[in-house]
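Q: I am new to this structure and would like a close look at a single part of it. Please start with the overall layout, then stay with one element and its surroundings.

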Amino acid sequence: MSVAIPAYADIEVGTELPETTIQVTRADLVRYAGASGDFNIIHWNDRTATAVGLPGVIAHGMLTMAKAANAVTAWVGDPGRVLEYAVRFSRPVPVPDDDTGATLVITGRVSQKLEDNQARVDLVVKCDGAKVLSLARAVVRLA
């Protein structure tokens with residue numbers, strides 16, 4: 001499937017990315033732990049997670065960050081068009097031990113047109129209505 005790369009001339013400040021909804025399950029946490037080598041017990045053991053004050057097992061912050069980046073790469077059609085990407089982690093993403101897991105809702109908008117066919121995209125990433133990432137920003141190169 002090919003994706004039409006947004007043309008710089010066709011976007012404006014305020015152009016919105018399509019809303020993206022992504023599930024994060026405990027199985028995702030296991031796969032991410034294996035791939036990243038981050039086996040911190042708070043990502044798989046409810047007893048330990050709650051003992052340290054968390055609401056339960058939480059998603060890895062970098063996994064949440066990566067899931068949000070997928071919304072940007074889907075919009076620009078190519079991960080190579082994402083030139084910069086940064087976030088701050090503002091809230092943990094609790095991942096229930098069920099088949100559904102946590103739901104991330106990702107929205108974004110073009111906040112600034114830059115030189116050389118580049119644009120800055122600001123993302124809002126929420127779980128259960130609360131922002132879980134803040135200052136989530138990407139700079140992308142458009143067609």
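A: From the N terminus on, the elements run β-α-α-α-β-β-β-β, which amounts to 3 helices and 5 strands. The model is predicted. Its C-alpha atoms fill a box of roughly 55 × 30 × 25 Å along the principal axes. Of the 143 residues, 41% are buried. Among contacts between residues at least 6 apart in sequence, 67% join residues at least 24 apart.

The part chosen here is the helix α3, residues 61-76. With 16 residues, α3 spans 23 Å from its first C-alpha to its last, close to the 22 Å expected at 1.5 Å a residue. Just after the helix comes G77, which takes a positive phi of about 85°.

The UniProt record, an unreviewed entry, places a feature called "domain: MaoC-like" at residues 19-110. That span is 36% helix and 25% strand, and the C-alpha atoms at its two ends lie 13 Å apart.

Next comes the question of which residues of α3 are buried. They are L63, T64, M65, K67, A68, A69, A71, V72, T73, W75 and V76. Not every position in the helix belongs to that list: A66 also lies in α3, but its relative accessibility is 36%, so A66 counts as partly exposed. The C-alpha atoms of A66 and Y85 are 9.9 Å apart in space, although 19 residues separate the two in sequence.

What do the buried residues of α3 pack against? Their partners are the strands β1, β2 (82-89), β3, β4 and β5, together with the helix α1 (26-36).

The pairing with α1 can be described further. Two packed helices are described by the angle between their axes and the distance between the axes. For α1 and α3 the angle is about 105°, with the axes 10 Å apart. Angles of 65 to 115 degrees count as roughly perpendicular, so α1 and α3 are roughly perpendicular to each other. On the α1 side the contact is made by D28, L29 and Y32, and on the α3 side by M62, L63 and K67.

The loop between β1 and α1 holds T25. The relative accessibility of T25 is 17%, and because buried means under 20%, T25 counts as buried. Leaving aside neighbours within four places in sequence, T25 is in contact with V95, D99, T100 and G101.

The helix α3 also has a part in the largest nonpolar core, a set of 32 residues. Those with the most contacts inside this core are W75, V93, L123, V125 and V140. At least two core residues come from each of β1 (16-24), α3, β3 (102-113), β4 (118-127) and β5 (130-141). The largest share, 7 residues, is supplied by α3.

One of the well-connected core residues, V125, shows a link back to the helix. Not counting residues up to four places away in sequence, V125 touches A68, L104, V105, I106, A130, K131, V132 and L133. Of these, A68 is one of the buried residues of α3.

To sum up, α3 packs its buried residues against β1, α1, β2, β3, β4 and β5, and it gives the largest nonpolar core its largest share of residues.

Notes:
Residues numbered from 1 in each chain as written. Predicted model: local features only at pLDDT ≥ 70, side-chain atom pairs only at ≥ 80, totals over all residues. Heavy atoms only, no water. Core = buried A, V, L, I, M, F, W, Y, C linked by side-chain atoms within 4.5 Å. Buried < 20%, exposed > 50% of the residue type's maximum accessible area, 1.4 Å probe, protein only. Helix = DSSP H or I, 4+ residues; strand = E, 2+ residues; numbered from the N terminus. Contact = heavy atoms within 4.5 Å. UniProt positions renumbered as here; feature names shortened; annotations may be inferred. Expected span 1.5 Å × (residues − 1). Axes fitted to C-alpha atoms, helices over the stretch in contact; angles between N-to-C directions. Parallel < 35°, antiparallel > 145°, perpendicular 65-115°, else oblique.
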